[in-house]
Amino acid sequence: MYWENINNGLTISGIGLAGVFTVLIIFFAITKLLMYAANKFSKPDKTNF
Amino acid sequence: MQELLKGITNFSLGNLIMFAVAGILIYLAISKEYEPTLLLPIGFGAILANIPFSAAIDETHGVLTFLYNNGIHNDLFPVLIFIAVGAMIDFGPLLQNPFMLFFGAAAQFGIFATMMIALLLGFDLGAAASIGIIGAADGPTAIFVAGKFIKDNPALVGAITVAAYSYMSLVPIIQPPVIKALTTKKERLIRMDYKQVNVPKVVKIIFPIAITIIAGMVAPDSVSLIGLLMFGNLIRECGVLERLSQAAQNELANLVTILLGVIIGSTMTADKFLRWDTLAILGLGLFAFIFDTAGGVLFAKFLNLFLKNKINPMVGAAGISAFPMSARVIQKMATKEDPTNFIIMQSISANVSGQLGSVVAGGMLLALVPTFF
């Protein structure tokens with residue numbers, strides 16, 4: 001049971017950390033895309049820095 | 001007569017120790033101002049719980065037992081706090097500098113490293129994940145995750161909450177030595193260019209909606225966590241719900257915080273709290289914060305191997321959720337090395353990313369642990 005837990009923990013840590021990076025990379029791409037599209041198609045909002 | 005004396009005759013050494021623990025928490029809250037909004041109610045809740053035969057925690061009609069079952073056990077209060085926190089977060093600095101999102105991911109390393117250490121110490125998977133989440137440096141996420149996985153001993157949720165909030169307030173003491181140990185003076189002197197970028201309002205409105213959908217699709221178990229955080233943020237950014245935004249930031253946050261603290265404190269009864277695993281949790285919590293800091297710094301150093309415009313590795317340490325304390329600590333360290341070096345904006349961006357990263361990491365644990373537990 002002990003070693004099974006360790007093994008499961010390693011799997012969760014690997015997938016979990018990779019998952020966090022993957023989700024945040026997608027957030028990064030979405031943010032870049034949103035900023036690009038918004039700055040291209042809308043008027044700049046000078047009050048909103 | 002016996003009825004009147006039963007509180008005194010049943011008072012144990014454990015109760016006395018818990019009064020001392022409660023006294024320390026209240027002292028830290030008032031004298032040192034360490035997270036007073038949480039530590040003071042937790043301390044007082046611990047006093048209420050350790051008075052022998054306390055009616056407040058009676059199994060059948062105790063008010064705090066009722067509030068625990070209907071506020072923590074079913075995730076209601078942590079989720080309400082998420083709405084309030086979402087309404088307080090300004091994602092502007094992150095949207096200006098989205099590259100910093102990577103540090104919000106790297107600094108979650110402590111969660112998983114600490115979980116592994118807890119497993120090696122013999123904790124079961126649920127408890128280990130709950131201890132690891134202290135490294136999220138995010139109190140509501142810690143309560144939410146721990147409440148999901150620890151059902152048999154709510155006092156451990158209390159210990160995890162106390163550890164999370166205590167170490168968050170100790171960030172200015174914990175982070176600098178770790179950063180110094182992992183960086184050279186030359187690295188700490190690295191200057192970073194900052195370019196002010198206009199963030200259109202529409203981006204600030206679409207961002208929380210897009211994040212909710214993406215995070216929810218990847219980890220549906222995290223929807224109540226991320227979804228309500230982003231709902232709070234949408235209320236803030238939409239521009240037409242100023243009254244609700246203020247209510248979420250003030251009335252809702254204050255009311256739930258008062259109850260949350262007392263309820264968590266009320267789980268800390270002597271028989272359940274005074275165990276070796278409580279001490280282990282407090283120790284492991286410190287490890288979690290150290291590993292978080294190390295994860296962020298080392299990741300920045302790793303990126304510097306490939307980047308033309310180098311990153312000051314100290315910024316990586318700001319990728320934790322303790323906002324804005326961590327960013328301030330980094331700027332203070334940078335100023336100490338070179339009074340003309342300003343990396344506060346990059347640190348704030350990383351710090352906001354950490355707020356997002358911690359919730360995503362909590363969502364990952366919620367999604368993954370039950371499949372093995």
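**Stop 1: helix α15 of chain B**

Select residues 223–237 of chain B, helix α15. This is a predicted model. Start with the length of the helix. At 1.5 Å for each of its 15 residues, α15(B) should span 21 Å. The C-alpha atoms at its ends lie 20 Å apart, so the two figures agree.

Now colour by burial. α15(B) is mostly covered, with 12 of its 15 residues buried. One run of buried residues goes from Leu225(B) through Ile226(B), Gly227(B), Leu228(B) and Leu229(B) to Met230(B). Gly232(B), Asn233(B), Leu234(B) and Ile235(B) are buried too, as are Arg236(B) and Glu237(B).

What do the buried residues of α15(B) pack against? Show α5 (76–88), α10 (139–149), α14, α16 (242–266) and α21 (344–372) of chain B. Then step just past the end of α15(B). Gly239(B) has a positive phi there, about 85°.

**Stop 2: the partner helix α14**

Add residues 201–218 of chain B, helix α14. How do two packed helices get described? By the angle between their axes and the distance between the axes. Here the axes of α14(B) and α15(B) come within 9 Å and cross at roughly 175°. The two helices are therefore roughly antiparallel to each other.

Show the side chains of the contact. On α14(B), pick Lys204(B), Ile205(B), Pro208(B), Ile209(B), Ile211(B), Thr212(B), Ala215(B) and Gly216(B). On α15(B), pick Val223(B), Ile226(B), Gly227(B), Met230(B), Asn233(B), Leu234(B) and Glu237(B). By class, the residues of this contact are 9 nonpolar, 4 polar and 2 charged.

**Stop 3: helix α21 and the core**

Move to α21(B), one of the helices that the buried residues of α15(B) pack against. Its 29 residues should span 42 Å at 1.5 Å a residue; the end C-alpha atoms are 41 Å apart, which agrees. α21(B) is mostly covered: 24 of the 29 residues are buried.

Next, look at the largest nonpolar core, which has 141 residues. Which helix gives the most to this core? α21(B) does, with 13 residues. Select Phe103(B), Ile131(B), Ile160(B) and Ile330(B), the members that touch the most other members.

Centre on Ile160(B). Beyond its neighbours within four places in sequence, Ile160(B) is in contact with Ser130(B), Ile131(B), Ile134(B), Ala142(B), Ala146(B) and Ile281(B).

**Stop 4: Ala361 and chain A**

Go back to helix α21 of chain B and find Ala361(B). Is Ala361(B) buried or exposed? It counts as buried, because it has 34 C-beta neighbours inside 10 Å. Draw a distance to Ile111(B). The two residues are 250 apart in sequence but 8.1 Å apart in space, C-alpha to C-alpha.

Now list the contacts of Ala361(B), leaving out residues up to four places away in sequence. In chain B they are Gln108(B), Ile111(B) and Ala136(B); in chain A they are Gly16(A) and Val20(A).

Turn chain A on. Chain A has 1 helix and 0 strands. Of its 49 residues, 27% count as buried. Between the chains, 29 residues of chain A are in contact with 38 residues of chain B. The chain A side of this contact holds 17 nonpolar, 10 polar and 2 charged residues.

**Stop 5: loops of chain B**

Select Ala107(B), in the loop between α7 (101–106) and α8 (109–120). Ala107(B) is buried, with 37 other C-beta atoms within 10 Å. Phe291(B) is 184 residues away in sequence, yet the C-alpha atoms of Phe291(B) and Ala107(B) are 7.9 Å apart. Outside four places in sequence, the contacts of Ala107(B) include Gly295(B), Gly296(B), Gly316(B), Gly319(B), Gly354(B) and Gly357(B). Asp292(B) and Ile320(B) are also in contact with Ala107(B).

Next, Ala137(B), in the loop between α9 (125–132) and α10. Ala137(B) is not a glycine, but its phi is positive, about 55°. This residue is buried, with 34 other C-beta atoms within 10 Å.

Set that beside Phe53(B), in the loop between α3 (36–49) and α4 (63–72). Phe53(B) also has a positive phi, near 60°. It counts as exposed, because it has 10 C-beta neighbours inside 10 Å.

Finish at Pro324(B), in the loop between α19 (314–317) and α20 (325–337). A cis peptide bond joins Phe323(B) to Pro324(B), with omega about -5°.

Notes
Residues are numbered from 1 along each chain as its sequence is written. Chains are lettered from A and ligands numbered from 1 in the order in which they are written. This is a predicted model: local features need pLDDT of at least 70, side-chain atom pairs count only at pLDDT 80 or more; totals for chains, interfaces and linings use all residues. Axes are lines fitted to C-alpha atoms, for helices over the stretch in contact, and angles run from 0 to 180 degrees between N-to-C directions. Helices (H or I, at least four residues) and strands (E, at least two) are DSSP runs, numbered from the N terminus. Angles under 35 degrees count as roughly parallel, over 145 as roughly antiparallel, 65 to 115 as roughly perpendicular and the rest as oblique. Two residues are in contact if their C-beta atoms, placed from the backbone, lie within 7 Å. Ala, Val, Leu, Ile, Met, Phe, Trp, Tyr, Cys and Pro count as nonpolar, Asp, Glu, Lys and Arg as charged, and the others, Gly among them, as polar. The expected span of a helix is 1.5 Å times one less than its number of residues. A residue is buried if 20 or more other C-beta atoms lie within 10 Å of its own, exposed if 12 or fewer, and partly exposed in between; C-beta atoms are placed from the backbone. A nonpolar core is a set of buried Ala, Val, Leu, Ile, Met, Phe, Trp, Tyr and Cys residues joined through C-beta atoms within 7 Å.
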